[in-house]
Amino acid sequence: MHLEYTVVEGDFVNAGSASSAIKKTLKQLSVNPSIVKRVVVALYEAEVNAIAHAYGGVVTADIDAGKILLRVIDKGPGIPDIDWAMQEGNSTASPEVRNMGFGAGMGLPNIKKNVDRLDVQSTVGVGTTVEMEVNLS
Amino acid sequence: MKLSEIAKVLNAKVICGQDRLDEDQDKAFASDLMSDILTLGDNFPMIVTGLCTMQTIRTCEMGNLDIIVFVRKKKATAEMIELAEDNDMVLMECDYSMFKACGLLWEAGLKPIY
């Protein structure tokens with residue numbers, strides 16, 4: 001099953017819509033609730049990142065019997081130093097993002113904690129792809 | 001502790017989920033930081049927060065957290081209430097500060113998750 005959603009830069013009102021839709025799909029597929037929670041927490045953090053830090057992008061989910069593969073592909077500006085961004089507490093968030101309860105530098109570390117595989121590829125001026133995989137059984 | 005008792009202790013107005021007030025809840029977690037709320041793993045405490053935005057409801061939806069108390073006189077919007085209703089959540093509004101609300105809940109017997 002392939003699912004795809006668009007995320008729009010700065011659209012905080014709808015931030016989480018893609019994660020919410022994927023959560024409903026996983027529940028319909030009777031995936032273990034603990035695994036559903038890990039998937040949606042990781043995806044939601046990545047989705048908020050794309051809205052808060054990037055010029056929007058797409059969220060895709062590919063689900064088969066054994067795993068879910070999620071990709072959040074944004075349109076830039078890209079992350080100059082991924083190792084720095086992965087460290088808890090490091091953030092470039094705007095005051096607006098902090099006012100939304102995010103931007104404490106916990107997103108990428110929290111994603112890493114919840115998924116079985118995480119790969120972040122980024123090119124400054126081009127964009128970032130966050131690829132996450134979670135085993136469903 | 002029944003949710004109706006929690007509302008009474010906090011002198012809170014229940015704005016969503018009135019049909020769930022007979023349910024029990026024994027743990028709470030307080031934060032204005034949504035990323036903190038997303039680290040709670042398989043614990044499902046009541047959330048006490050002064051951050052009153054759509055993202056509060058969304059964050060709790062993602063974390064399977066369905067009881068939210070807004071402190072510091074924060075008021076939920078109609079849009080927030082609608083999303084909360086869609087997710088069968090309980091929302092309460094309380095005029096007290098976060099410190100006072102947590103103190104009263106502790107005194108009444110609610111436990112932290114860590």
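Visitor: Hi! Before we start, what counts as buried, exposed or partly exposed here?
Guide: A residue is buried if 20 or more other C-beta atoms lie within 10 Å of its own, exposed if 12 or fewer, and partly exposed in between. One more thing to keep in mind: this is a predicted model.

Visitor: Good. Is B:Asn11 buried or exposed, then?
Guide: B:Asn11 counts as exposed, because it has 11 C-beta neighbours inside 10 Å. Its backbone is worth a look too: phi is positive, about 50 degrees, although B:Asn11 is not a glycine.

Visitor: Where does B:Asn11 sit along the chain?
Guide: B:Asn11 is in the loop between α1 (3–9) and β1 of chain B.

Visitor: And what about phi at B:Arg72?
Guide: B:Arg72 is not a glycine either, yet its phi is positive at about 60 degrees. You'll find B:Arg72 in the loop between β4 (67–70) and α4 of chain B. With 17 other C-beta atoms within 10 Å, B:Arg72 is partly exposed.

Visitor: Let's zoom out. How many helices and strands does chain B have?
Guide: Chain B has five helices and six strands. Starting at the N terminus, its elements follow the pattern α-β-β-α-β-α-β-α-β-α-β.

Visitor: In what order do the strands line up in the sheet?
Guide: The sheet is open, its six strands are ordered β1-β5-β4-β3-β2-β6 in chain B, and the pairing is mixed. β1 (13–16) and β6 (111–112) of chain B are at the edges with a single partner strand each, so one side of each has no neighbour in the sheet.

Visitor: Does anything pack on that sheet, and which helix is it?
Guide: Helix α4 (residues 78–86) of chain B does, touching β1 and β5 (90–93) of chain B. The direction of α4 makes about 70 degrees with that of β1(B).

Visitor: Are β2 and β3 of chain B parallel or antiparallel?
Guide: They run parallel, with three bridges joining β2 (residues 27–30) to β3 (residues 46–49) in chain B. Within that pair, B:Phe29 has B:Ile47 as its bridge partner.

Visitor: What is the radius of gyration of chain B?
Guide: Chain B has 12 Å, which agrees with the value near 13 Å for a compact globule of 114 residues. Its C-alpha trace spans about 30 × 25 × 25 Å along the principal axes. Buried residues make up 45% of the 114 residues in chain B. Of the contacts in chain B with a separation of 6 or more, 51% come from residues 24 or more positions apart.

Visitor: New topic: how many residues from each chain are in the contact between A and B?
Guide: Chain B puts in 17 residues and chain A puts in 19 residues. On the chain B side, α2 (34–37) and α3 (54–62) are the elements that give two or more residues. The most comes from α3(B), with six residues. By class, the chain B side has six nonpolar, seven polar and four charged residues.

Visitor: Over to chain A. How far apart are the end C-alpha atoms of helix α2?
Guide: They are 30 Å apart, and that agrees with the 30 Å that the 21 residues of α2 (residues 33–53) of chain A should span at 1.5 Å a residue. This helix is mostly covered, as 18 of the 21 residues in α2(A) are buried.

Visitor: Last one: is the peptide bond from A:Gly76 to A:Pro77 cis or trans?
Guide: That bond is cis, with omega near 25 degrees. A:Pro77 lies in the loop between β3 (67–74) and α3 (82–86) of chain A.

How values were computed
Residues are numbered from 1 along each chain as its sequence is written. Chains are lettered from A and ligands numbered from 1 in the order in which they are written. This is a predicted model: local features need pLDDT of at least 70, side-chain atom pairs count only at pLDDT 80 or more; totals for chains, interfaces and linings use all residues. Helices (H or I, at least four residues) and strands (E, at least two) are DSSP runs, numbered from the N terminus. The expected span of a helix is 1.5 Å times one less than its number of residues. Two strands pair if DSSP finds at least two bridges between them. Two residues are in contact if their C-beta atoms, placed from the backbone, lie within 7 Å. Axes are lines fitted to C-alpha atoms, for helices over the stretch in contact, and angles run from 0 to 180 degrees between N-to-C directions. Ala, Val, Leu, Ile, Met, Phe, Trp, Tyr, Cys and Pro count as nonpolar, Asp, Glu, Lys and Arg as charged, and the others, Gly among them, as polar. The radius of gyration is taken over C-alpha atoms; the globule rule is 2.2 Å times the number of residues to the power 0.38.
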